[in-house]
Amino acid sequence: KIPLIGGIFLLIGFILNIIFFYYLQILTSSNLIILWFLVSMFVIALVDDKFNISPIFRLILCSFVIILFFIDSGFLIKTLNFKYLNLYVFPENIYITYFFSIFCMIVLIHAYNFVDGINGLAASIGVIWLIYLSTKIPDFLNNYSIFFIFIILFLYLNLKNKIFLGDSGNYIISSLVGVNLIKENLSNPNLFYVEEILLLFLIPGLDLIRLFFYRIKNKKNPFVGDNEHFHHLLINKFSLKKTLIIYSALISVPLIILKINEDLLFFSIIISTLIYIYLIKKLYIKRN
């Protein structure tokens, strides 16, 4: 059996990053809060990897930890910057602010967890997200350089079929990405457009929504996994290498276009969505 130790491997990388911060005397309370959040999410997912706990119970545990994190850190989504609707300041109602922040974090974590089903895919998407954040957030790559090295090493080992990521690894990567997006949005609301974040998470998000309603339609538990994911459909038709290229290209190419010309943001969202829908229909026809 191939061990599900990817989460442990990545957590070691993050802890080494924290030690590096301490050595440079730039360790902050925010770094420590993010550390306990990642460790908490890691533990929940590790227990799930080991004992396969109920999806509902796991969701409750994750929600509880996320709520505590937002209370402790003060990182909340308070401003939404729409490119096509100008800046929209979120309502002052604290309950709406907390609910929306918690909802976004939970959706991100579970959408990312959905892409982990074949070697190299989840790690590749994580690398793409981290690289994109590094193009937007000053010193992001420098701050997480050790963690970034570890995820690259994991990707290599995963493609060699040596270790698997597991839920614990998925939760670490998605939690880190989500925390930094919310943190930067709080300090600099103009840094990311809402539509830009939508594009960043578009394909995993679309697959999450499609599978949720597909399972309900077929009278299945929407929280129980199956082999109907986008990557499963792709790998039934193509090789692993081609599947990774197609999926990664659907995420990275629109982001590259966005960096070249910001005015093509809406166009990129529409085209990416249409390509996803086309491929899903084509792959289902081919399979049947």
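# Exercises on a predicted helical model

Leu240 sits in helix α12. The model is predicted. Each exercise below has a worked solution.

## Exercise 1. Place Leu240

Task: Is Leu240 buried, partly exposed or exposed, and which residues does Leu240 touch beyond four places in sequence?

Solution.
- Step 1. Take the relative accessible area of Leu240, which is 29%.
- Step 2. Buried requires under 20%, and exposed requires over 50%. Leu240 is therefore partly exposed.
- Step 3. Set aside residues up to four places away in sequence. Leu240 then touches Ile118, Asn119 and Ile235.
- Step 4. Check one of these pairs along the chain. Leu240 and Ile118 are 122 residues apart in sequence, yet their C-alpha atoms are 7.9 Å apart.

## Exercise 2. Contrast a second pair

Task: How far apart in space are the C-alpha atoms of Ile149 and Phe64?

Solution.
- Step 1. Locate Ile149 in helix α7, residues 145-159.
- Step 2. Classify Ile149. Its relative accessibility is 48%, so Ile149 counts as partly exposed.
- Step 3. Take the separation from Phe64. It is 85 residues in sequence and 31 Å in space, C-alpha to C-alpha.

## Exercise 3. Test the length of α10

Task: What span should helix α10 have at 1.5 Å a residue, and which helices help cover its buried residues?

Solution.
- Step 1. Helix α10 covers residues 202-217, which is 16 residues.
- Step 2. The expected span is 1.5 Å times one less than the number of residues. For α10 this gives 22 Å.
- Step 3. The end C-alpha atoms of α10 are 22 Å apart, so the model agrees.
- Step 4. List the buried residues of α10: Leu202, Ile203, Pro204, Gly205, Asp207, Leu208, Arg210, Leu211 and Arg215.
- Step 5. Find their cover. It includes α4 (94-114), α5 (121-136), α9 (194-200), α11 (230-237), α12 (240-260) and α13 (265-287).
- Step 6. Look past the helix. Lys219 follows α10 and has a positive phi, near 60 degrees.

## Exercise 4. Repeat for α2

Task: Which helices do the buried residues of α2 pack against?

Solution.
- Step 1. Helix α2 spans residues 29-51, with 23 residues. Its first and last C-alpha atoms are 33 Å apart, close to the expected 33 Å.
- Step 2. Pick out the buried residues. Among them are Asn31, Phe37, Met41, Phe42 and Asp48.
- Step 3. The buried residues of α2 pack against α1 (6-23), α3 (55-73), α4 and α8 (166-187).
- Step 4. Asn52 follows α2, with a positive phi near 55 degrees.

## Exercise 5. Explain Ser268

Task: Why does Ser268 count as buried?

Solution.
- Step 1. Ser268 lies in helix α13.
- Step 2. Its relative accessibility is 3%, so Ser268 counts as buried.
- Step 3. Leave aside neighbours within four places in sequence. Ser268 is in contact with Leu199, Pro254 and Ile257.

## Exercise 6. Assess the whole chain

Task: What radius of gyration would a compact globule of 288 residues have, and how many helices and strands does the protein chain hold?

Solution.
- Step 1. Count the secondary structure: 13 helices and two strands.
- Step 2. A compact globule of 288 residues would come near 19 Å. The protein chain has 19 Å, which agrees.
- Step 3. Add the box. The C-alpha atoms fill roughly 55 × 50 × 35 Å along the principal axes.
- Step 4. Check burial: 49% of the 288 residues count as buried.
- Step 5. Check contacts. Of those between residues at least 6 apart in sequence, 74% join residues at least 24 apart.
- Step 6. Turn to the surface. About 14,500 Å² is exposed, with 68% supplied by carbon and sulfur atoms.
- Step 7. Finish with charge. The protein chain has 22 positive and 15 negative side chains, and the centres of the two sets are 13 Å apart.

How values were computed
Residues are numbered from 1 along each chain as its sequence is written. This is a predicted model: local features need pLDDT of at least 70, side-chain atom pairs count only at pLDDT 80 or more; totals for chains, interfaces and linings use all residues. Side-chain values use heavy atoms; hydrogens and water are left out. Helices (H or I, at least four residues) and strands (E, at least two) are DSSP runs, numbered from the N terminus. The radius of gyration is taken over C-alpha atoms; the globule rule is 2.2 Å times the number of residues to the power 0.38. Buried means under 20% relative accessible area, exposed over 50%, partly exposed in between (1.4 Å probe, protein chains only). Contact means heavy atoms within 4.5 Å. Accessible areas come from the Shrake-Rupley method with a 1.4 Å probe; for residues, only the protein chains shown count as cover. Lys and Arg count as positive and Asp and Glu as negative; His and the chain ends are not counted. The place of a charge is taken as NZ of Lys, CZ of Arg, CG of Asp or CD of Glu.
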